[in-house]
Amino acid sequence: MKPRGLLSHPLLSLQVAAAWLLLRQSLAPGNLITAALLGLLLPRLLHGFLPEPVRVRRWGTVLRLLGVVLWDIVKSNLIVARIVLSPGSRPQPAWVPVPLDLEHPLAITLFAGIITTTPGTVSCVVDARRRQILVHALDCTDAAAAAADMKARYEAPLKEIFG
């Protein structure tokens, strides 16, 4: 596969250049030139090993999903802290199978990552054959409701973003 244009992976180019500048901790002209060259050349050299670039369709949905995830992380941290620090709490751990409607591999990876990033839940298995993610929840009384909540809060926006 031949790389398209000078910036075949613009976000990766930006990340490589930013990583170089952060590692060097300097905005000296030599470092800026090196960062620009690395940002342009590395994605072109690695193009055969990289997946096709993702075309984000709805940036508003991306921002809304980011807000939901950040809010859920804060809220879940407080809930987990209350469970852990309360001597009388009796959490009910559960396995929650979450059926997948997503098709794009990156969207599925993001969905599993969001679930794991939220304290109190861990995505343990992405079962491609059954088309589901098996999630372990620290405290869950209704697995079906928890799965529906994850699908509505995270999967639905990811479906909009990845089409």
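Okay, let's jump in at Asp127: its bridge partner in β3 is Gln132. Keep in mind that what we have here is a predicted model. That pair belongs to a bigger pattern, where strand β2, residues 121–127, runs antiparallel to β3 and is joined to it by 6 bridges. So how many residues sit between β2 and β3 in their hairpin? There are 4, and one residue in the turn, Arg131, has a positive phi of about 55°.

Now, β3 has another neighbour. Strand β1, residues 94–99, pairs with β3, residues 132–137, again in the antiparallel sense and over 6 bridges. If you want one contact to find on screen, look for Ala94, whose bridge partner in β3 is Ala137. And while you're looking at strands, here's a handy general point: in a regular strand, side chains alternate between the two faces of the sheet.

Next, the annotation. The UniProt record, an unreviewed entry, puts "transmembrane region" at residues 28–50, 62–85 and 105–126. Let's see what the model does over two of those spans. Residues 28–50 are 74% helix and 0% strand, with the end C-alpha atoms 30 Å apart. Residues 105–126 come out as 59% helix and 27% strand, and there the end C-alpha atoms are 11 Å apart.

Okay, pockets. As a general idea, you roll a probe the size of a water molecule over the atoms, and that shows where empty space is left. The largest pocket here has a volume of about 800 Å³. Which residues are closest to its centre? Out of 25 lining residues, those are Leu11, Val54, Val56, Leu106 and Phe162. The elements giving two or more residues to that lining are α1 (10–24), α3 (59–85), α4 (105–117) and α5 (143–162). The largest share comes from α3, with 5 residues. By class, the lining of this largest pocket splits into 20 nonpolar, 3 polar and 2 charged residues.

Then there's the second largest pocket, at about 470 Å³. It has 23 lining residues, and nearest its centre you'll find Ser76, Pro119, Thr121, Asp139 and Asp149. Helices α3 and α5 each supply at least two residues of this lining. What's the mix of classes here? For the second largest pocket it's 12 nonpolar, 5 polar and 6 charged.

If you open the structure afterwards, try starting from Arg131 in the hairpin turn, then go looking for Phe162 by the centre of the largest pocket. That's it from me, thanks!

Methods:
Residues are numbered from 1 along each chain as its sequence is written. This is a predicted model: local features need pLDDT of at least 70, side-chain atom pairs count only at pLDDT 80 or more; totals for chains, interfaces and linings use all residues. Side-chain values use heavy atoms; hydrogens and water are left out. Two strands pair if DSSP finds at least two bridges between them. UniProt positions are given in the numbering used here, feature names are shortened, and annotations may be inferred rather than shown by experiment. On a 1 Å grid over the protein atoms alone, a cavity is a set of points where a 1.4 Å probe fits but cannot get out, and a pocket is an open set with protein on both sides within 12 Å along at least five of seven lines; lining residues have an atom within 4 Å of a point. Grid points are joined across faces, edges and corners, and a volume is the space filled by probe spheres set on the points. Ala, Val, Leu, Ile, Met, Phe, Trp, Tyr, Cys and Pro count as nonpolar, Asp, Glu, Lys and Arg as charged, and the others, Gly among them, as polar.
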